[in-house]
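Colleague: I have a model open on my screen and I'm not sure how to read it. Could you walk me through it slowly?

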Amino acid sequence: MSALVIDRIGSLVTNDPDVGEGPLGLIADASVVIEDGVVVAVGRAGAIADERIDADGGCVLPGFVDSHTHLVFAGDRAAEFSARMAGVPYDGGGIVVTTEATRAATTDTLDRLTLQRVIEARRHGTTTLEIKSGYGLDVANEVRALDVAGRHTTETTFLGAHLVPGEYTGRADDYIDLVCGEMLAATAGRARWIDAFCETGAFDADQCRAVLDAGRAAGLGLRLHGNQLGHGPGVQLAVECGCASVDHCTYLSDADISALAASDTVATFLPAADFSTRQPYPDARRAIDAGVAVAIASNCNPGSSYTTSIPFCIALAVRDMKMTIDEAVQAATLGGARALRRTDVGHLSPGSAGHAIVLDAPSHHHLAYRPGVQLVRHVVA
Ligand code: NIG
């Protein structure tokens, strides 16, 4: 048995109101004791341990839970981004560019690139990651992407319904048959989740419903990309199908908010995508005030959001989505855990995973107050 103590914590965010103050369960002058990767005590000092991390008065919080990434890809789309900054709108069509580069890459290359991105995310404090396929778009390459993803996380998502690949142009329904048939049969054992991109230019509600129904029948959990580039049926479909999460939610009608508030579906906001695509930011305040459960994730991908930094996303959510700092930090920890239906991560209380971040800052407020500054000093996972 090995034990680790993080002590001299100035401010501890537990996300457990039973062990500390307020919704964040804050404890001042705290310690956390972790044995064999599991938290065994919070708030008590002086424990005996094999290893000790001195927080030096800094803030400690649960590791970030990034519930939406597309880390398995080759190439980049910097030229597309530059053109966008000069006024060319984002429409998702660049997914085919990344699909070509990804298909052409060797598995070793994809492994190396994905590992680099996982390490980068870890440096920013992410300790739990979801990773989607979706740049293979044929059976062999979707299988390969999930194998690469599965070397880094158990939160793997089959996203064959990301875009219609070039060879199926004009035959979207035939492609959906492939996704729901041979592709799902080959990938189901490699994925925990199934996802689809419900958007004009990608897939309509009936096509996405077919994918979600097939995924459910294959034993997968359900998630959906919805309401990214305009109002549409994504949110309502996700609620109707019982998705764990509907992601983007940049455009939310009153009916969408009511449906979410009455459901178990988490609204996952991806503010770095709105930043990189020059979309308006979602009004998270409206959703939270109506009782919607929310998460924040990075959406790291080469087209709409090439960042692994959850602190950056927190800063955007506070500055531009009208979330309080407490809400944004909780959405990136406990919220992400809920979006992945995980109860072991996203909080620090006895029995939880020992995933913690030590900040070079006295409180979690600095995550939004000092944007762009590397405040993560230690990551324990
Ligand atoms: O979540 N919206 C769909 N998928 C990604 C973007 C993928 C891309 O542009 O390569 C997203 O934003």
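Modeller: Let me begin with a term we will need: buried area is the accessible area, found with a 1.4 Å probe, that two parts lose on being put together, summed over both. Please also keep in mind that this is a predicted model.

Colleague: Okay, so which parts is the protein divided into?

Modeller: There is domain 1, made of 3-63 together with 346-380, and there is domain 2, which covers 64-339. Taken over C-alpha atoms, the centres of these two domains are separated by 29 Å.

Colleague: And how much area do domain 1 and domain 2 bury between them?

Modeller: The two domains bury about 1,600 Å² between them, and 68% of that is on carbon and sulfur atoms. In terms of residues, 19 from domain 1 are in contact with 19 from domain 2.

Colleague: How many salt bridges and polar contacts are there between them?

Modeller: The count of salt bridges between domain 1 and domain 2 is zero, whereas six residue pairs, both residues at pLDDT 80 or more, are in polar contact.

Colleague: Which elements of domain 1 touch domain 2?

Modeller: Those that give two or more residues to that side are strand E5 (59-62), helix H14 (366-369) and strand E15 (376-380), and E15 gives the most, with three residues. The residues on this side of domain 1 divide into eleven nonpolar, eight polar and no charged.

Colleague: Switching topic, which residues come nearest to the ligand?

Modeller: There are 15 residues around the ligand, and of these Tyr-90, Tyr-135, His-162, Gln-228 and Ser-304 come nearest.

Colleague: What about polar side-chain atoms there, say on His-162 or Ser-304?

Modeller: For His-162, a polar side-chain atom lies 2.7 Å from a nitrogen atom of the ligand, while for Ser-304 such an atom lies 2.5 Å from a ligand oxygen atom. His-248 also has a polar side-chain atom 2.9 Å from an oxygen atom of the ligand.

Colleague: Back to salt bridges, how many does the structure hold?

Modeller: The structure holds 24 salt bridges. One of them joins Arg-103 and Glu-167, whose closest N and O atoms are 2.9 Å apart.

Colleague: Where do Arg-103 and Glu-167 sit in the chain?

Modeller: Arg-103 is in helix H2 (residues 95-104), and Glu-167 is in the loop between strand E8 (155-161) and helix H5 (172-187), so that the pair, 64 residues apart, links distant parts of the chain.

Notes: Residues numbered from 1 in each chain as written. Predicted model: local features only at pLDDT ≥ 70, side-chain atom pairs only at ≥ 80, totals over all residues. Heavy atoms only, no water. Domains from an automatic or database assignment. Contact = heavy atoms within 4.5 Å. Salt bridge = Lys/Arg side-chain N within 4 Å of Asp/Glu carboxyl O. Polar contact = N/O pair within 3.5 Å; in protein donor to acceptor, adjacent residues only side chain to side chain. Helix = DSSP H or I, 4+ residues; strand = E, 2+ residues; numbered from the N terminus. Nonpolar A, V, L, I, M, F, W, Y, C, P; charged D, E, K, R; others polar. Near = heavy atom within 4 Å.
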